[in-house]
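Please look over the model shown here before reading the notes beneath it.

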Amino acid sequence: MIVASHLTRRFGARTAVEDLTFEITTSQIVAVVGPNGAGKTTTLRMLAGLLQPTHGDVIVDGVALTPASARAVSRRIGFLTETPALWDRLTVRENLGVYAGLYSVARPTAAVDRVLNLLDLANRASSRTAELSRGLRQKVALARALLHQPSILLLDEPTSGLDPEVTRDVRRLFDELRAAGTTLVVSTHNLDEAERLADRIAVLHGRLLAFDRPAALRQRLTGGRTIVRVCGDAGSFLPIARAIDPDAAADGSSLTIRVADADRDISSLVRTLVEAGADIVEVRPHTPPLEEAYLHLLKHPLRPDTAGPHA
Amino acid sequence: MTRLRVMLDKELLDVMRNRAALFPVVLVTLVTVALPFVIAIGIPAATGERLGEDADLIRVATASTSTAAGHDVAPDARVQAFLFEQFLLLFLMAPMTGAMTLAAHSVVGEKLARTLEPLLATPLRTSELLAAKMLGALLPTLAISAAGLVMYVAGVAALAEPGVLAIVINARSIAMVALVGPGAALVALQLTVLVSSRVNDPRTAQQFGVLLIVPLVGLMVAQFTSMLALTARALTAVGLALGAIWIVLLAVSATVFDREAVLTRWR
């Protein structure tokens, strides 16, 4: 479990991240999304104990992260850096073997074999990493982060450079790790990936703009809008719709109406429209892509008290 | 200690895979081994002028305290012994100059390759990292120098005048090559690693490390001109002092190593 309280990091006069407060419970995947320079990497580094926050605290599995505790806490954390960061003249096995030694893994050879098999790298174990493609290098870096079986994985752009098939395998691996009790914090630019992977999404732009389930983020943006598709032109039913929602809109055969309580209001809306002569073809909640919700959040940040910092 | 060993093994493996980096060390060592034989044996043989016939050389060799024990040998042998002993000083510099490039590149190289960040996320201590970097540069070059020294001694035994080897191998020369040489290399390389951890360019680190060669050159000149003749005990003290300086320097290196700067100022 990770608890971050009022995390702020300044570099000279520049504030990279400010007042981040969130809680990530065990066995969750949290995707950290945000534009370039939003503070994603800085946040991951603070959670890993690599950077000290200017203000605020991080607690990892009940242990406050301080310079004194960072080394002990590092054993619980697997950290995937933005770049694979491998030693080019060493083979895949040798690269992993060094880290197995640094983490004092009990049976290093077996541990290396385990992650090689897990990432389907066994046939490249003897290759020097300089000879590997970018995607394979990324897999080796991922294997390195998993070597010591950490309870928390902090992953900076884990699927960067991977082809779609491998990306799918890696996502599957993340699901398995989550099921096995690992907590994953994944920084990504890929909103589709964030939505597929994550239990919670943290939208970061210097500040924490939102921290919630993907569906809930969309819900916040749409505010409970419903689409009603009718036979013919929906415009003729717009006055009725506007009696319920003054901002209701018609587009072709579709009406978009915001309702306060879906369970209560949609049946009433349908009844009213049918009584007015509408032949209703479909009623469904409006679900914009997450990207739309994300871009909306960047332009219209939520108030801090509604960002939803608790997982 | 285990993590230091793990990092050191990695450094040595990396150097072994980059043998071209050791070529300058081998070259310096071969020159260090060959040069005294060219001067003390080759040139006299080629010109037909015996060393023992040069009054200046005899005077300097006789004045040298280290060869005083060899006054009863022939003049040629006395001058050869003087030359071979003085040229031993080159073995102080060979490991240092050769390893300087490796050491200068050590931390900067990791920074440039962006390989430091995952390392810093492990339980590895900064002092372990920096000691491994220094030893990773020193040990291969020390091994090459030791091999050169064996060749040097074997050459003196085989090619020099009778009695020369017994004069050259004395407590002073042993203290010099076994303590002062490695001690000076430890200090120079740790200084280089320290600078390497603070700068953006390996050349800067190398230039700082070379600073320590200056006093050694001074020592060599002073020995040659008989201005300074350190006893075996004094040389032992110098060697131990260098070891102590290295420990202090290692602690300073670990203190000034700015982990955050490494992560945030390298793009």
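The points below cover confidence, the contact between the chains, and the nonpolar cores.

This is a predicted model, in which local features need pLDDT of at least 70, side-chain atom pairs count only at pLDDT 80 or more, and totals for chains, interfaces and linings use all residues. Residues are numbered from 1 along each chain as its sequence is written, while chains are lettered from A and ligands numbered from 1 in the order in which they are written.

**Confidence**
- The predictor gives the complex an ipTM of 0.81 and a pTM of 0.81.
- For chain B the mean pLDDT (the predictor's confidence in each residue, from 0 to 100) is 83, with 91% of its residues at 70 or more.

**Contact between the chains**
- The contact (C-beta atoms, placed from the backbone, within 7 Å) takes 24 residues from chain A and 21 residues from chain B.
- On the side of chain B that touches chain A, the largest share, 6 residues, comes from helix 1 of chain B, helices being DSSP runs of H or I with at least four residues, numbered from the N terminus.

**Nonpolar cores**
- The largest nonpolar core (buried Ala, Val, Leu, Ile, Met, Phe, Trp, Tyr and Cys residues joined through C-beta atoms within 7 Å, where buried means 20 or more other C-beta atoms within 10 Å of a residue's own, C-beta atoms being placed from the backbone) has 155 residues.
- Helix 9 (residues 171-196) of chain B gives the largest share of this core, 15 residues.
- Leaving aside neighbours within four places in sequence, A:Val185 is in contact with residues including A:Ile24, A:Leu44 and A:Leu154.

Definitions and conventions: Two residues are in contact if their C-beta atoms, placed from the backbone, lie within 7 Å. Helices (H or I, at least four residues) and strands (E, at least two) are DSSP runs, numbered from the N terminus. A residue is buried if 20 or more other C-beta atoms lie within 10 Å of its own, exposed if 12 or fewer, and partly exposed in between; C-beta atoms are placed from the backbone.
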